[in-house]
Amino acid sequence: MEVNENDLFADLRSLDLSDVNSKLLHQEGLLEDIDGRLTKNRNITSYRSACIMFCLGKSDAAPPKNSKLGEELAELTVVKRIEFNQLIQQRDALMGKIVLPKYRIIQRMASVYEKLTHSSQSAPLTLGQEITLFSEFFELQAMHAQLDPLATVEIELEHLHKEVSEHVKTINKADRDTAKIISALVEQRRQTTREIGRLKAFIRSRKPKTKPADAGNARKKISQGDTISMEDLGALLDHGGLTDIEPIKEPSQKKKKKSAFTSTKAKRNRRKT
């Protein structure tokens, strides 16, 4: 048998209707699976985007964890960024206690120490001068004590910044791969919905067509007082409605009496013969 290339149902015409219905159920199940994967991958990309925005400092709110997505790296990066923010606050608090930069503190401490230890060689210091110099030296010493914790915090900040940056690059690459998966799923969904539509159209074409209701028969039913179906009503509405229906006239009493008299006379004539 030759196959018409323009026939959309060429591969279905030799199949039983039950087989076509099985194909339809398979395609509908496939569509449900595609929609589920699309939803999950879109949720993943949305979660990654929120994590990246937070980790780059473009958003103040950290996205909540979602264990169903399985994005462990994104969750870890968010935790690292939270640690980074806490260290920033700690560094700022330490910087608030240090008025001078590190090199100025060291220079000033050396200068004050020189005045305190070598003042007797040039000119002796008064009690007030010594108190002032010792007070300044202790303040400088307190500032210097904050330099080591500050240096430690800055080292940790630099390490975390590099770690978060590398994680963000990895997440971005994974997101590009997911975008390709989503694009392929969208195309697969388009083809699947098209196939479902084709199968449904073929099934409809194989169903037996019901004979349309006869408007004349429907009018007769109404004039006789019989009930009509929805199909009869539809046929009436398609052919003028209910306004042109006339009830069947009952025979008059005079005609009924005449008919009865004629019938009786005929019976008598038959008896005489």
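A salt bridge here is a side-chain nitrogen of Lys or Arg within 4 Å of a carboxyl oxygen of Asp or Glu. By that rule, this predicted model comes out with 13 salt bridges.

**Figure 1. The whole chain is built from helices: 8 of them, with 0 strands.** Follow the sequence and you read α-α-α-α-α-α-α-α. Of the 273 residues, 25% are buried. Take the contacts between residues at least 6 apart in sequence, and 70% of them join residues at least 24 apart.

**Figure 2. Helix α1 runs from residue 17 to 55 and ends just ahead of a glycine with positive phi.** Its 39 residues reach 57 Å from the first C-alpha to the last, close to the 57 Å expected at 1.5 Å a residue. Just past α1, Gly57 takes a phi of about 80°.

**Figure 3. Helix α2 packs its buried residues against α1 and α5.** The buried set is Ala74, Glu75, Thr77, Val78, Lys80, Arg81, Phe84, Leu87 and Leu94, so charged residues such as Glu75 and Lys80 sit in the list along with nonpolar ones such as Leu87. As for length, the 25 residues of α2 should span 36 Å at 1.5 Å a residue, and the end C-alpha atoms are 37 Å apart, which agrees.

**Figure 4. Arg81 is buried but has no salt bridge.** This arginine belongs to helix α2, residues 72-96. Asp60 is the nearest side chain of opposite charge, and it is 7.8 Å away; the cut-off for a salt bridge is 4 Å, so the two don't pair up. What the Arg81 side chain does reach is the backbone oxygen of Cys55, at 3.0 Å. Leaving out residues up to four places away in sequence, Arg81 touches Phe54, Cys55, Leu56, Gly57 and Val164.

**Figure 5. The largest nonpolar core has 12 residues.** Ile44, Tyr47, Cys51, Ile52, Phe54, Cys55, Leu69, Ala74, Val78, Val164, Val168 and Ile171 make it up. Two or more residues each come from α1, α2 and α5 (147-206), and α1 gives the most, with 6. Apart from this core lies another, of 9 residues, among them Phe9, Leu12, Leu24 and Leu199. Back in the 12-residue core, Phe54 has plenty to show in a close-up: not counting residues up to four places away in sequence, its contacts are Ser59, Asp60, Ala61, Ala62, Pro63, Val78, Arg81, Ile82 and Asn85.

**Figure 6. Asp35 and Arg189 form a salt bridge, with the closest N and O atoms 2.5 Å apart.** Asp35 lies in helix α1 and Arg189 in helix α5, so the pair ties together parts that are 154 residues apart in sequence. Both count as partly exposed: Asp35 at 26% relative accessibility, Arg189 at 32%.

**Figure 7. Glu187 and Arg190 meet in a salt bridge within helix α5, at 2.7 Å from N to O.** Being 3 residues apart, they are separated by about one helical turn. Glu187 is partly exposed at 34% relative accessibility, and so is Arg190 at 43%. Elsewhere, salt bridges that share partners join Asp11, Glu195 and Arg198 into one network.

**Figure 8. Arg13 forms a salt bridge with Asp7, the closest N and O atoms being 2.7 Å apart.** Relative accessibility is 48% for Arg13, which makes it partly exposed. Asp7 is partly exposed too, at 22%.

Definitions and conventions:
Residues numbered from 1 in each chain as written. Heavy atoms only, no water. Helix = DSSP H or I, 4+ residues; strand = E, 2+ residues; numbered from the N terminus. Buried < 20%, exposed > 50% of the residue type's maximum accessible area, 1.4 Å probe, protein only. Polar contact = N/O pair within 3.5 Å; in protein donor to acceptor, adjacent residues only side chain to side chain. Contact = heavy atoms within 4.5 Å. Expected span 1.5 Å × (residues − 1). Core = buried A, V, L, I, M, F, W, Y, C linked by side-chain atoms within 4.5 Å.
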